[in-house]
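Work through these exercises with the model open beside you. Try each task before you read its solution.

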Amino acid sequence: MPKSKEEPKGSKLSASAGGETHQVASGPDARLTTNHGVPVSDNQNSLKAGARGPSLLEDFVLREKIQHFDHERIPERIVHARGSAAHGYFELTTSLAKYTRAKVLTEVGKRTEVFTRFSTVAGGAGSVDTPRDVRGFAVKLYTVEGNWDLVGNNIPVFFIQDAIKFPDLIHAVKMEADRGYPQAASAHDTFWDFIGLMPEATHMIMWAMSDRTLPRSLRMMKGFGVNTFRLLNDKDEATFVKFHWRPKLGTQSTCWDEAVKIAGADPDYHRRDLFDAIDIGAFPEWEFGVQLLSQEEADALPFDILDATKLIPEELYPIQVVGRMVLDRNPMNFFAETEQAAFLPTNMPPGIDVSEDPLLQGRLFSYQDTQLSRLGTVNFHQIPINQAKGCPFQNMQRDGHMQMQAPAGRANYEPNSLGQAGEDGGPREDPQGGFRTAAIAADGAKVRLRAETFADHYSQARLFFRSQTEIEQAHLASALVFELSKVTFAHVRERVLANLQNVDADLAKRVADGLNVALPKASAPAVAPSEMAPSPALRIVGKYPPSLKGRAVGVLVTDGADGTVVANVKAAAEAEGASVKIVAPKIGGVKLKDGKLLAADGQLAGSPSVIFDAVALVLSEAGCAELMKESAATDFVSNAFVHLKAIGFTAEAQALLDKAGVVPDDGVIDLKAGAEAFLPPARTRQWAREPGVRVLA
Ligand code: HDD
């Protein structure tokens, strides 16, 4: 779209959502107009026949305003409806030129603009941020050879092997057809009915029931391309590739009980966390890595590389880190950018190609198609956030709803002889630099079959479960107990248990005990599961980075609190990169022991401990006595304790600790030992505390 070269005085170009601009007046000239530029004299009163009379049809100002409002919503995404996103850049650190000719993966040091959207899968756009759910991790890279959309998840495998099952999977997990609930929850009959009947989902179920589906922050999640793709070099030689994003802040999760309470305390917890972090300049960062395999190496694997329910253990094929992504700019307008962003797995620059993975093959159709119903036009690629920004885009496609471009000239077909390429003749194909597909032989009979190499549904489920720490195994088993306890059909629970027997007999028994039901016989697996060497890479616990960076500390204070202790805790935590919030009984803050006023960031009832990673209680005796009458205070402390958080305290807080049921341990720190003593337990969770506060399966 042509930009005006000269800005009229007193006006500016409104910031673009990816390149496009329109003039808006600013300063004293910023007057309200209709959509067609007519100045509006009165935005408070509609045009009426007399002050108390009926409104007049003539009032085009009223009608335009109401009509536009009536059409503000577009259909939400059928899956991944709730999401938040940010702009940033991708930077290549190691060239993959041996494997690919894609410039984005060969030009070391070059920064490519990105737009990355994180999402939950099952809930609607207005649902909460912290249900137990897989998270979407979709990155749009505006490369110099066209957009590359790497549309992945925070889990490296998927529920199903063939795209034809996707509508069934989604129908089963979303709210039930007759009653319209539950919203954003897999703990219900139809989901587990489907899962029990689809043994191929078992590996993914292990991940879904693990703490991976309770991320602490979008900044603390891994991302995976999930499907197998190909890289193609300048000789058109193909290499299989799996794509990985690894968060610099480490992979961190919440506890289930905590996630449920966060949903009430702050339904926008993840969205706010991402926005705030970028706003203060704490830009989230991920390493970008690849696993590369030749055809021969893929053939030698004990599972099929085209099967999206399988991962390639990092211990077998280490992830080579070749780049990084930094998110450093919040969207300016949620709707224009985040809501209208259209990701397409078919968006790939030359040098990257798909594989025959039957899940991916279906995706190649679905995303383009769904945009037509969401965005309503074949021209959705012209919406600024979706435009190829790294290079021009031009072809002979024309017209359609919401055409924003006015291509010049007569040549809207090709070949033509109206003029030279790039001039009157328009653009031409580029056999050398253009996108080429890997020349993979494909001459089988037409069949509706699942390859036998896809038949082993349990070995990797077992690998995942057995690779977990004891703590993670207990969380996983307990999540299964929770979810299956919401299932009302006994036969559905039984079928899932029968499948779990094939994963691990101990797991199945623990879940059956947790449900207090008899353990059924194992279901007959299509292929008997085999043992794989445990993969420590699949664990989270024990790997939190030894720092408070990117995390939040809540300091509960009362009138008469010791300001020096507050200042010390704040300074020590902030020095590690934590954000520290002062929580007080009243939002106006407190008067400290020395008479100084301390401003509050949050009021106690609205700032429960679930929104912090560690807490400190800096109270006066009188303040503590007041808090003893306040359930929000007891909840603040008892929740911090059962959510395995470090609790720093001053001696005056002892009565509140006792009332909240806090039992002294390594994570309950008397601050008289100095703020430094609070840091080591605050950097992690007190896993050893868990058996004392929660009965796990
Ligand atoms: Fe999908 C959206 C990820 C399988 C059909 N998908 C969507 C988004 C993510 C994924 C992250 C949200 C993008 C955004 O932020 O706007 N989907 C995956 C992954 C899959 C997967 C990692 C398995 C490897 N998806 C999958 C299949 C199908 C779809 C098998 C259909 C056959 N997905 C869609 C869709 C969506 C979508 C219906 C809804 C909104 C959209 O595309 O733009 O086309």
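The exercises below deal with a predicted model, and each solution goes step by step.

**Exercise 1. Locate the ligand and describe the shell of residues around it.**

Step 1. Start with the pocket. The ligand sits in the second largest one.

Step 2. Ask which elements give two or more residues to the shell. They are β5 (135-143), β6 (146-153) and α9 (358-375).

Step 3. Find the main contributor. The largest share, 6 residues, comes from α9.

Step 4. Look for the nearest neighbours. The ligand has 23 residues around it, and Arg-77, Arg-117, Ser-366, Tyr-367 and Gln-371 come nearest.

Step 5. Sort the shell by class. It holds 12 nonpolar, 8 polar and 3 charged residues.

**Exercise 2. Which polar side-chain atoms of Arg-117, Tyr-367 and His-80 count as polar contacts of the ligand?**

Step 1. Recall the cut-off. A polar contact is a pair of N or O atoms within 3.5 Å.

Step 2. Take Arg-117. An N or O atom in its side chain lies 2.6 Å from an oxygen atom of the ligand.

Step 3. Take Tyr-367. Here a polar side-chain atom is 2.7 Å from a nitrogen atom of the ligand.

Step 4. Take His-80. The distance from a polar side-chain atom to a ligand nitrogen atom is 3.4 Å.

Step 5. Apply the cut-off. The pair for Arg-117 counts. The pair for Tyr-367 counts. The pair for His-80 counts too.

**Exercise 3. Find two residues with an unusual sign of phi, and place each in the chain.**

Step 1. Recall the rule. Most residues other than glycine have a negative phi.

Step 2. Check His-80. Its phi is positive, near 60°, and the residue is not a glycine. His-80 belongs to the loop between α1 (60-70) and β3 (83-92).

Step 3. Check Asn-516. This residue is not a glycine either, yet phi is positive at about 60°. Asn-516 lies in the loop between α13 (505-515) and β13 (552-557).

**Exercise 4. Find two cis peptide bonds, and say where their prolines lie.**

Step 1. Recall the background. Most peptide bonds are trans.

Step 2. Go to Tyr-181 and Pro-182. The bond joining them is cis, with omega about 0°. Pro-182 is in the loop between α2 (166-173) and α3 (189-197).

Step 3. Go to Glu-414 and Pro-415. Their peptide bond is cis as well, with omega near 10°. Pro-415 is in the loop between α9 and α10 (459-467).

**Exercise 5. Describe how the two domains are placed.**

Step 1. Mark the bounds. Domain 1 covers 73-157 + 215-386, and domain 2 covers 552-692.

Step 2. Compare the centres. Over C-alpha atoms, they are 37 Å apart.

Step 3. Check for contact. In domain 1, 11 residues touch 11 residues of domain 2.

Technical notes. Residues numbered from 1 in each chain as written. Predicted model: local features only at pLDDT ≥ 70, side-chain atom pairs only at ≥ 80, totals over all residues. Heavy atoms only, no water. Near = heavy atom within 4 Å. Polar contact = N/O pair within 3.5 Å; in protein donor to acceptor, adjacent residues only side chain to side chain. 1 Å grid on protein atoms, 1.4 Å probe; cavity = no way out; pocket = protein on both sides within 12 Å on 5 of 7 lines; lining within 4 Å. Sits in = over half its atoms within 2 Å of the grid points. Helix = DSSP H or I, 4+ residues; strand = E, 2+ residues; numbered from the N terminus. Nonpolar A, V, L, I, M, F, W, Y, C, P; charged D, E, K, R; others polar. Domains from an automatic or database assignment. Contact = heavy atoms within 4.5 Å.
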